[in-house]
Amino acid sequence: MKTAIYPGTFDPITHGHLDVVRKALLFVDKLIVALPETPAKKQFFSLSKRMQFIRESTKGVEVVSFSGLLADFAKAKKCSLIVKGVRGSADLDYELQMAFQNARMNPGLQTIFIPPSEEYAHISSTLVKELASFGHKETLSSMVPRCVEKALWKS
Ligand code: PNS
């Protein structure tokens with residue numbers, strides 16, 4: 001049984017992330033979406049809200065939080081595969097650095113990079129929050145699942 005971890009802050013989950021989930025499920029049997037309990041940056045939505053949005057918008061994935069290093073969490077889960085979404089070269093530069101460091105801390109831990117479909121490649125959680133803050137609600141439905149859209153309207 002092939003298991004992979006898809007880590008991220010998902011603040012909030014977007015259609016780009018969901019596309020990566022769908023693509024990952026084409027070649028793994030089990031996908032664990034994992035959110036750090038103490039992310040580097042302050043998040044807009046609480047951890048429990050972000051996890052709830054993912055659970056509401058996905059099927060057949062496990063959604064968990066983890067504390068500490070991703071490399072240690074993967075070891076504890078006996079999982080040697082990390083999935084990351086990459087939209088372009090800027091993402092890849094940053095993601096490669098993390099992949100190399102994770103493999104140094106947990107030898108054998110592989111990271112595979114999945115680009116989203118082109119129609120989602122411009123979407124980022126940061127862009128979504130910015131558009132929402134300017135009240136540009138019309139575009140949000142094409143960027144985030146309905147549960148996130150509704151929560152952004154209320155914010
Ligand atoms: O969605 P993001 O913000 O790009 O996700 C980043 C994340 C959560 C994958 C990364 O910050 C992470 O792995 N955090 C856990 C702590 C850790 O292992 N840091 C060292 C990475 S080399």
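1. Helices (H or I, at least four residues) and strands (E, at least two) are taken as DSSP runs, numbered from the N terminus. On that basis, the chain of this predicted model contains six helices and five strands.

2. As for their order, the elements follow the pattern β-α-β-α-β-α-β-α-β-α-α along the sequence. The chain is as compact as a globular protein of 155 residues, because its radius of gyration of 15 Å is close to the 15 Å given by the globule rule for that length. Along the principal axes, the C-alpha atoms occupy a box of roughly 45 × 30 × 30 Å.

3. Turning to the binding site, the ligand is located in the largest pocket. The residues that surround the ligand are Pro-7, Gly-8, Thr-9, Pro-36, Phe-66, Gly-68, Leu-69, Leu-70, Lys-84, Met-98, Gln-101 and Asn-102. On its own, the ligand has 550 Å² of accessible area, of which the protein covers 73%.

4. With regard to composition, the shell around the ligand comprises six nonpolar residues, five polar residues and one charged residue. Helix H4 (residues 89-105) supplies the largest share of this shell, namely three residues.

5. Two separations between ligand oxygen and protein backbone merit inspection. A polar backbone atom of Leu-70 is 2.8 Å from an oxygen atom of the ligand. For Thr-9, a polar backbone atom is 3.0 Å from an oxygen atom of the ligand. Both pairs satisfy the cut-off for a polar contact, which requires N or O atoms within 3.5 Å.

Note on methods. Residues numbered from 1 in each chain as written. Predicted model: local features only at pLDDT ≥ 70, side-chain atom pairs only at ≥ 80, totals over all residues. Heavy atoms only, no water. Near = heavy atom within 4 Å. Polar contact = N/O pair within 3.5 Å; in protein donor to acceptor, adjacent residues only side chain to side chain. Areas by Shrake-Rupley, 256 points an atom, 1.4 Å probe, with all protein chains shown as cover. 1 Å grid on protein atoms, 1.4 Å probe; cavity = no way out; pocket = protein on both sides within 12 Å on 5 of 7 lines; lining within 4 Å. Sits in = over half its atoms within 2 Å of the grid points. Nonpolar A, V, L, I, M, F, W, Y, C, P; charged D, E, K, R; others polar. Rg over C-alpha atoms; globule rule 2.2 N^0.38 Å.
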